[in-house]
Amino acid sequence: MADYFRRRKGGTPQPDLILCSTAARTRATLAGLLPLWRETPPMSVDRVFYMASARALADRLRALADPTATVLLIGHNPGLEELALDLAQAEETPLRTRIMEKYPTGALARLEFPLDRWADLAAGTGRLAEFVTPREVAAA
């Protein structure tokens, strides 16, 4: 995914905060991404994200301090997949269909929210803007 971000149209977004599970695989993903940014973003590497449910992840996001605009969440399925589907608008889109078919390890789902406060985060408030899998990155 670091390769994807390096080649991504529009560049690599700078997160205001990174939330990461303590699992070895997620920390390896984080280590591969950190060189993309000049300054290391603030981060929380916490066991609470290890195999967290979609509800627990959403609750953590709702508790974020404003004005944190961009958050990178590195965690596990099924929680991440369920979170993406819960927060995305309900209409069928090609990206939503792909997530429902398979959300593989290492995939990236990017959601955009027209919200001023994280506390207002709710089901269906996001727009699924991007879904990229490691297989797609390898094939590019």
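For these notes I took a pocket to be, on a 1 Å grid over the protein atoms alone, an open set of points where a 1.4 Å probe fits, with protein on both sides within 12 Å along at least five of seven lines, and its lining residues to have an atom within 4 Å of a point. The model is predicted, and I kept to local features at pLDDT of at least 70 and side-chain atom pairs at pLDDT 80 or more, while totals for chains, interfaces and linings use all residues. Residues are numbered from 1 along each chain as its sequence is written, and side-chain values use heavy atoms, with hydrogens and water left out.

**Pockets**

I looked up the second largest pocket, which is lined by Arg98, Lys102, Pro104, Phe131, Thr133, Pro134 and Arg135 and has a volume of about 150 Å³, a volume being the space filled by probe spheres set on grid points joined across faces, edges and corners.

The largest pocket has a volume of about 1200 Å³, and I found 43 residues in its lining, with Val71, Leu72, Leu73, Leu108 and Ala109 nearest its centre. Helix H2 (24–33), E3, H4 and E4 each give two or more residues to that lining, the helices being DSSP runs of H or I with at least four residues and the strands runs of E with at least two, numbered from the N terminus. E4 supplies the largest share, five residues.

**Tyrosine 103 and phenylalanine 131**

I counted three aromatic pairs, taking rings of Phe, Tyr and Trp (its six-membered ring) as paired if their centres lie within 6.5 Å, and planes under 30 degrees apart as stacked, over 60 as edge-to-face and the rest as tilted. The ring centres of tyrosine 103 and phenylalanine 131 are 5.3 Å apart with planes at 55°, so I entered this pair as tilted. Tyrosine 103 sits in the loop between H5 and E4 and phenylalanine 131 in strand E5 (residues 127–132), so the pair ties together parts 28 residues apart in sequence. Both residues are buried, that is, under 20% relative accessible area with a 1.4 Å probe and protein chains only, where over 50% is exposed and in between is partly exposed.

**Cores**

I then looked up the largest nonpolar core (buried Ala, Val, Leu, Ile, Met, Phe, Trp, Tyr and Cys residues joined through side-chain atoms within 4.5 Å): it has 22 residues, and Leu57, Leu61, Leu83, Ile99 and Tyr103 have the most contacts inside it. H4 gives the most to this core, five residues. A second, separate core of 14 residues includes Tyr4, Ile18, Leu72 and Ile74.
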